[in-house]
Amino acid sequence: MASSSCMLVFSPLPTLSISSSVHSSLPITKPHNFLQLKTRKDRPIIPLRVSAPPTTPPIEEQESSTSTVIQDDEQDLSSYSKFSWRDNWYPVSLVEDLDPSLPTPFQLLNRDMVIWFDKSGSQWVVLDDKCPHRLAPLSEGRLDENGHLQCSYHGWSFNGCGSCTRIPQAESEGPEAKAFQSPRATATRFPTMVSQGLLFVWPDENGWERAQATKPPMLPEDFDKPEFATVTIQRDLFYGYDTLMENVSDPSHIDFAHHKVTGRRDRAKPLPFKMEASGPWGFAGANNDKPKISAKFVAPCYSMNKIEIDTKLPIVGDQKWVIWICSFNVPMAPGKTRSIVCSARNFFQFAVPGPAWWQVFPRWQEHWTSNKVYDGDMIVLQGQEKIFLSKSKENGTDVNKDYTKLTFTPTQADRFVLAFRNWLRRHGNSQPEWFGSTDNQPLPSTVLSKRQMMDRFEQHTLKCSSCKNAYYTFERLQKFLIGTVLVCCATAGIPSDVNLRIILGSLAIITAGLAYILHELQKNFIFVDYVHAEID
């Protein structure tokens, strides 16, 4: 059957070489040909708009540099413009971690979607995750012999435009023969684009023109420079968007929550942050101390931190080390958020995964460290979210409005946390604009155990191409080594030569030891308990 052609097609963007770790700062953007939309000649072209602030954003509020106590100013909120949650690009996955041979389910703003690769159009496609026939999830389907997405329930197939291309149950003649051409047989398709190694989705199926006129959030130019080594990671976390955004807006927690991972308790010190600008687009600020930490939040979910360290080394002399930690904190559903982190640094590049022959450390090993960072926050944030939820149920309390009453934040180190809570209250309607009803959905953090909250296998390994392949490689090696142990043990008593018996016995012991080591290392892909009190 003939398939209908797509009227609107986004051309994919150049992919930047990026790779992972944890947090974010001020991006330096450069012009790109972000999108090209094929339209009819009589269709007006909308001027390009940007989902990020201008180079010098208007200052909505300035805080006194002499202030030592952060207070929440109770201004008239009617003068603040509201943020439109559905009129934005959201990164939903690192492209390198998507499997082009399988459909992948995803949630965005509480809406179920399916991601799949259309070979005929050489593009990633995102559809509403329900077949128009009987509403079965398309993410449980497969790619058929034509490369189309086939529903696993009754075999209806859909092309990259969302148009139905086959209804196996339809008669070859008569009205049923044309049923596949009906608009009601079409799956809902969302605007998508690939940029900087990320797949972006616009969550409004009617927003094609607005999507065409809007740039996605951009990583800093440093990510393109050869002196910077980059690494990426993504993980689905069972706590809310606001909880995660508050966490990544708080550099002061690193020395304690991530002691001996990315910080040290004895290095904690005052962090006198100053706000530089804020508005519906987000906020920006920095400290004037060393190391200098610059932070920027670009609504709805992009957080950047830039850390600049002045150091002096033998032979090479004075150096300026720069670390970028850029995170996209994607609201999947109430109490569930995807964290996508892209980090870069211009020192010790040999210790970061990369294409160069001297970058010998694999990406999955870097993810072991990154997952320790996630785990260090996990239970702390779970407990915090439970308390905020109980407070919100008391007399309908708005946590964002009453944040400074519920918490005690006397230092400037909390300035960015308060800035985010203020943005969410003033411009973000205190929560993302979810699709569907969310009133009766319990938050995962209120019902999941610690083991479930920290499940690396489901949250990360199965969704990471590097870690998934490494996990199954470890599993195959263990089976081989165990088989070798059994063969050596079974044959050790056969030879009459004592030396040969010793060799076989020794080989059995060595291979058993290697199998045990692999078993212990494999736990890094599954679950590793994190107890702060046990880390001296």
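Where is the place of Trp358? Trp358 sits in the loop between β20 (336-345) and α4 (363-393). Keep in mind that we are looking at a predicted model.

Let's stay with this tryptophan for a moment. Trp358 has 38% relative accessibility, so it counts as partly exposed. The cut-offs matter here: buried is under 20%, exposed is over 50%, and partly exposed is in between. Trp358 also belongs to a nonpolar surface patch of about 740 Å². Its partners in that patch are Phe348, Phe350, Trp357, Val360 and Phe361.

Next, the largest pocket. How much space lies in it? About 1,200 Å³. It is lined by 41 residues. The closest to the pocket centre are Ile254, Thr262, Gly263, Ile307 and Ile323. A general word on method: rolling a probe the size of a water molecule over the atoms shows where empty space is left.

Which elements build this lining? At least two residues each come from β14 (229-237), α3 (254-257), β18 (302-313), β19 (317-333), β20 and α4. Of these, α4 gives the most, with four residues. Remember that β20 and α4 are also the two elements on either side of the Trp358 loop. As for chemistry, the lining has 23 nonpolar residues, 13 polar ones and five charged ones.

Now to charges. Side chains of opposite charge can pair when their charged atoms come close. Across the whole structure, a search finds 21 salt bridges. I'll take three of them.

Number one joins Arg210 and Asp87, with 2.9 Å from N to O. This pair links distant parts of the chain, 123 residues apart. Arg210 is in helix α1 (residues 208-212). Asp87 is in the loop between β1 (49-50) and β2 (90-94). Are the two ends buried or exposed? Arg210 is partly exposed, because its relative accessible area is 30%. Asp87 has 18%, so it is buried.

Number two joins Arg111 and Asp128, at 3.5 Å from N to O. Arg111 lies in strand β4 (residues 111-118), and Asp128 in strand β5 (residues 123-128). They are 17 residues apart. Arg111 is at 13% relative accessibility, so it counts as buried. Asp128 is at 5%, so it is buried too. And which residues share a network with this pair? Lys130 and Glu205 are linked with Arg111 and Asp128 in a network of salt bridges.

Number three joins Asp529 and Lys450. Their closest N and O atoms are 2.9 Å apart. Asp529 is in the segment after α11 (498-522), while Lys450 is in helix α8 (residues 450-453). That puts them 79 residues apart. Asp529 is partly exposed, with a relative accessible area of 43%. Lys450 is partly exposed as well, with 31%.

One last stop: helix α2 (residues 241-248). Why do we call this helix largely enclosed by the rest of the structure? Because seven of its eight residues are buried. The buried ones are Tyr241, Thr243, Leu244, Met245, Glu246, Asn247 and Val248.

To recap, we began at Trp358, in its loop between β20 and α4. We passed through the largest pocket, with about 1,200 Å³ of space. Then came three of the 21 salt bridges. We ended at α2, largely enclosed by the rest of the structure.

Note on methods:
Residues numbered from 1 in each chain as written. Predicted model: local features only at pLDDT ≥ 70, side-chain atom pairs only at ≥ 80, totals over all residues. Heavy atoms only, no water. Patch = residues over 30% accessible without salt bridge, like charges linked within 9 Å, V, L, I, M, F, W, Y side chains within 5 Å. Areas by Shrake-Rupley, 256 points an atom, 1.4 Å probe, with all protein chains shown as cover. Salt bridge = Lys/Arg side-chain N within 4 Å of Asp/Glu carboxyl O. Buried < 20%, exposed > 50% of the residue type's maximum accessible area, 1.4 Å probe, protein only. 1 Å grid on protein atoms, 1.4 Å probe; cavity = no way out; pocket = protein on both sides within 12 Å on 5 of 7 lines; lining within 4 Å. Points joined across faces, edges and corners; volume = space filled by probe spheres on them. Nonpolar A, V, L, I, M, F, W, Y, C, P; charged D, E, K, R; others polar.
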